[in-house]
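Biologist: Got a minute to go through this one with me? I'd like to hear how the labels are earned.

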Amino acid sequence: MNYFITAIGTDSGKSLFSAIICEALEADYWKPIQAGYPRDTDFVGGLLSNLKSDLIPEKYVLNTPASPHYAAEIDNVKLEVEDFDIPKTDNQNLIIEGAGGVLVPINEKEFVIDFPQKWGVPLILVANLYLGSINHTLLTINELKRRGVEVKGIVFNGASNPASEEIILKHSGYTCLLRIADEKEINHAVVRKYADELKRNL
């Protein structure tokens with residue numbers, strides 16, 4: 001099983017959920033484009049307990065914490081979707097983490113969402129809950145539906161807001177795969193706890 005992890009925006013919890021699903025599936029992890037430091041690959045690797053997950057090096061590590069199209073311009077790097085292929089590994093499961101949200105540009109014409117479309121990989125959407133997140137989530141969902149992207153489900157991250165979650169699920173038709181609480185500390189035990197829950201829902 002290969003899944004592409006995206007979100008409604010930056011800092012929505014993609015890397016945390018990537019660690020959780022890698023732990024659940026004992027999957028390998030790959031972030032094609034890293035813009036700025038610290039590296040999300042290091043964050044995910046530091047939360048895994050299983051011995052089967054491999055961390056696959058990024059295709060590009062850009063120096064500036066910015067939109068990939070701009071960070072690549074600063075580093076004099078050309079990013080094009082056609083140059084990216086899913087790495088071959090011995091693991092049957094691969095988790096691919098995108099950069100930012102679905103319409104984050106990687107160049108003047110292409111966006112992050114073009115990756116899972118090219119590869120035919122189902123997507124999992126992470127939505128963090130805050131004032132305005134209903135609008136941002138439904139706008140993202142509308143774009144995914146417009147493009148005909150296969151979506152496995154949605155993950156809610158942060159303090160529970162049943163009213164927001166209910167309206168998002170109603171209008172999206174998506175399945176809620178996991179609810180991640182606003183944890184005081186993120187560690188191996190927390191990741192394993194959510195990984196066990198996620199395995200029951202996938």
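Modeller: Sure, pocket first: on a 1 Å grid over the protein atoms alone, a pocket is an open set of points where a 1.4 Å probe fits, with protein on both sides within 12 Å along at least five of seven lines, and lining residues have an atom within 4 Å of a point. Volume is the space filled by probe spheres set on the points, which are joined across faces, edges and corners. The largest pocket comes to about 550 Å³. Of its 31 lining residues, T10, D11, K14, K31 and D40 are the closest to its centre. Mind you, this is a predicted model, where local features need pLDDT of at least 70 and side-chain atom pairs 80 or more, while totals for chains, interfaces and linings use all residues. Numbering starts from 1 along each chain, and side-chain values use heavy atoms, without hydrogens and water.

Biologist: What makes five residues lining the second largest pocket charged?

Modeller: Asp, Glu, Lys and Arg count as charged. That lining includes E73, K78, E80, E108 and K109, so those five fit the class.

Biologist: Why is strand β1 called largely enclosed?

Modeller: Buried means under 20% relative accessible area. Five of the six residues of β1 (residues 2-7) are buried, so the rest of the structure largely encloses it.

Biologist: How do you know that β1 pairs with β7?

Modeller: Strands (DSSP E runs of at least two residues) pair if DSSP finds at least two bridges between them. β1 and β7 (residues 123-128) have four, in the parallel sense, so the pairing holds.

Terms used: Buried < 20%, exposed > 50% of the residue type's maximum accessible area, 1.4 Å probe, protein only.
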